[in-house]
Amino acid sequence: MNIITRIIRIFVPSYNKKMINIVLFGPPGSGKGTQADLLVKEYNILHISTGDLFRYEMGNNTPLGLKAKEYMAKGELVPDSVTIGMLENKVNANPDAAGIIFDGFPRNIFQAQSLDTFLSKKDTMVTCLIALDVPEEELVKRLLNRGKSSGRADDNDETIIRNRIKVYNSETKPVFDHYAEKGKSALIHGVGSIEEIFTRIREAVAASH
Ligand code: ADP
């Protein structure tokens, strides 16, 4: 934190309000995007989806977008060297956010460690990780269904979908334990109505801070 921010924090009490930083976690198709929209309304915080950021770059055919496309098309993770910088830029571009929902990030242990270091330099941290638990067959069904209207190539092919779930299980799932060791992870039953699931999430967030 720079010296000016420190001085402001001393004299303007509202500046000291703790950020609420929520990692919204779960396999592809678990409903993170839907629930993120509701969290944004409830807590008035910023939503950062790395998947959306990549799709925006791809849509504009930027070098970053073209790079990301190679991996996304196969259902693989985009390299950390690309992903982490992009995420940090987005956070840095919103210095006044009251908190952040991280959706699709961190997706492996290295990204989690990078996020912890990055946030601690800003005198803040991950408040909680909310994991949506949904059975694999339900995920595949939801994603194939989304593929009919979303135009997302990675939602139209069952082989790619299964690979995304495989990558989630091997690389991403350990991030749950990383935050569970700090007492910050909550597992939420992700099947039910959107409102029911949101109520479960709201209770878990309230219990975490
Ligand atoms: P979903 O969670 O439904 O798979 P996303 O929109 O979150 O969809 O991500 C789509 C794709 O973008 C992923 O399959 C992956 O290729 C890439 N991606 C998104 N976030 C990350 C990340 N944090 N690290 C690496 N790759 C990512």
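**Figure 1. Thr124, a residue that counts as buried.** At 13% relative accessibility, Thr124 falls on the buried side of the scale, because buried means under 20% relative accessible area. Bear in mind as you look around that this is a predicted model. You'll find Thr124 in the loop between α6 and β4. Which residues does Thr124 touch, once its neighbours within four places in sequence are set aside? They are Met19, Asn21 and Leu119.

**Figure 2. Asp123, with a positive phi.** Asp123 sits in the loop between α6 and β4. Its phi is positive, at about 60°, although Asp123 is not a glycine. That's worth a second look, because most residues other than glycine have a negative phi. Is Asp123 buried or partly exposed? With a relative accessible area of 48%, Asp123 is partly exposed.

**Figure 3. Asn44, another residue with a positive phi.** Here we move to the loop between α2 (32–43) and β2 (46–49), where Asn44 lies. Asn44 isn't a glycine, yet its phi is positive, about 55°. Asn44 counts as exposed because its relative accessible area is 65% and the cut-off for exposed is over 50%.

**Figure 4. Leu46 in strand β2.** Strand β2 is home to Leu46. Leave aside the neighbours within four places in sequence, and Leu46 is in contact with Asn94, Ala97, Gly99, Ile100 and Ile101. For a sense of distance, try Asn21: it is 25 residues away from Leu46 along the chain, and their C-alpha atoms are separated by 9.2 Å.

**Figure 5. The cis peptide bond between Phe105 and Pro106.** Zoom in on the bond that joins Phe105 and Pro106, and you'll see a cis peptide bond, with omega at about -5°. Most peptide bonds are trans. Pro106 belongs to the loop between β3 and α6. Both Phe105 and Pro106 turn up among the contacts of Leu115, a residue that takes centre stage in the next view.

**Figure 6. The largest nonpolar core.** This core has 27 residues, and Phe102 and Leu115 have the most contacts inside it. Where do its residues come from? The elements that give two or more are β1 (20–25), α3, α4 (63–72), α5 (80–92), β3 (99–103), α6 (109–121), β4 (128–133) and α9 (174–180). Helix α5 supplies the largest share, with five residues. Follow Leu115 outward, skipping its neighbours within four places in sequence, and you meet Val23, Leu87, Phe102, Phe105, Pro106, Val126 and Tyr179. Apart from this core lies another, of 18 residues, including Ala36, Ile101, Ala186 and Ile188.

**Figure 7. Glu88 in helix α5.** Glu88 is found in helix α5, the helix with the largest share of the core in the previous view. Glu88 itself is partly exposed, with a relative accessible area of 24%. What does Glu88 touch, not counting residues up to four places away in sequence? Its partners are Ser114 and Phe118. Now look for Glu158: the C-alpha atoms of Glu88 and Glu158 are separated by 32 Å, and the two residues are 70 apart along the chain.

**Figure 8. Tyr168 in helix α8.** Tyr168 lies in helix α8 (residues 158–172). It counts as buried because its relative accessibility is 8%. Setting aside neighbours within four places in sequence, Tyr168 is in contact with Phe25, Gly26, Pro27, Pro28 and Lys173. Gly75 is 93 residues from Tyr168 along the chain, and 10.0 Å separates their C-alpha atoms.

**Figure 9. The ligand and the residues around it.** How many residues surround the ligand? There are 20, and the closest are Thr50, Arg55, Glu76, Val78 and Gly104. Six of the shell residues are nonpolar, six are polar and eight are charged. Helix α3 (residues 50–59) gives the most to this shell, with four residues.

**Figure 10. Side chains that reach the ligand's nitrogen and oxygen atoms.** Start with Gln111: an N or O atom in its side chain is 3.0 Å from a nitrogen atom of the ligand. In the side chain of Arg152, an N or O atom is 3.1 Å from an oxygen atom of the ligand. Arg164 also places a polar side-chain atom 3.0 Å from a ligand oxygen atom. Taken alone, the ligand exposes 550 Å², and the protein buries 97% of that.

Conventions: Residues are numbered from 1 along each chain as its sequence is written. This is a predicted model: local features need pLDDT of at least 70, side-chain atom pairs count only at pLDDT 80 or more; totals for chains, interfaces and linings use all residues. Side-chain values use heavy atoms; hydrogens and water are left out. A residue is near a molecule or strand if one of its heavy atoms lies within 4 Å of it. A polar contact is a pair of N or O atoms within 3.5 Å; within protein, one must be able to donate a hydrogen and the other to accept it, and residues adjacent in sequence count only if both atoms are side-chain atoms. Accessible areas come from the Shrake-Rupley method with a 1.4 Å probe; for residues, only the protein chains shown count as cover. Ala, Val, Leu, Ile, Met, Phe, Trp, Tyr, Cys and Pro count as nonpolar, Asp, Glu, Lys and Arg as charged, and the others, Gly among them, as polar. A nonpolar core is a set of buried Ala, Val, Leu, Ile, Met, Phe, Trp, Tyr and Cys residues joined through side-chain atoms within 4.5 Å. Buried means under 20% relative accessible area, exposed over 50%, partly exposed in between (1.4 Å probe, protein chains only). Contact means heavy atoms within 4.5 Å.
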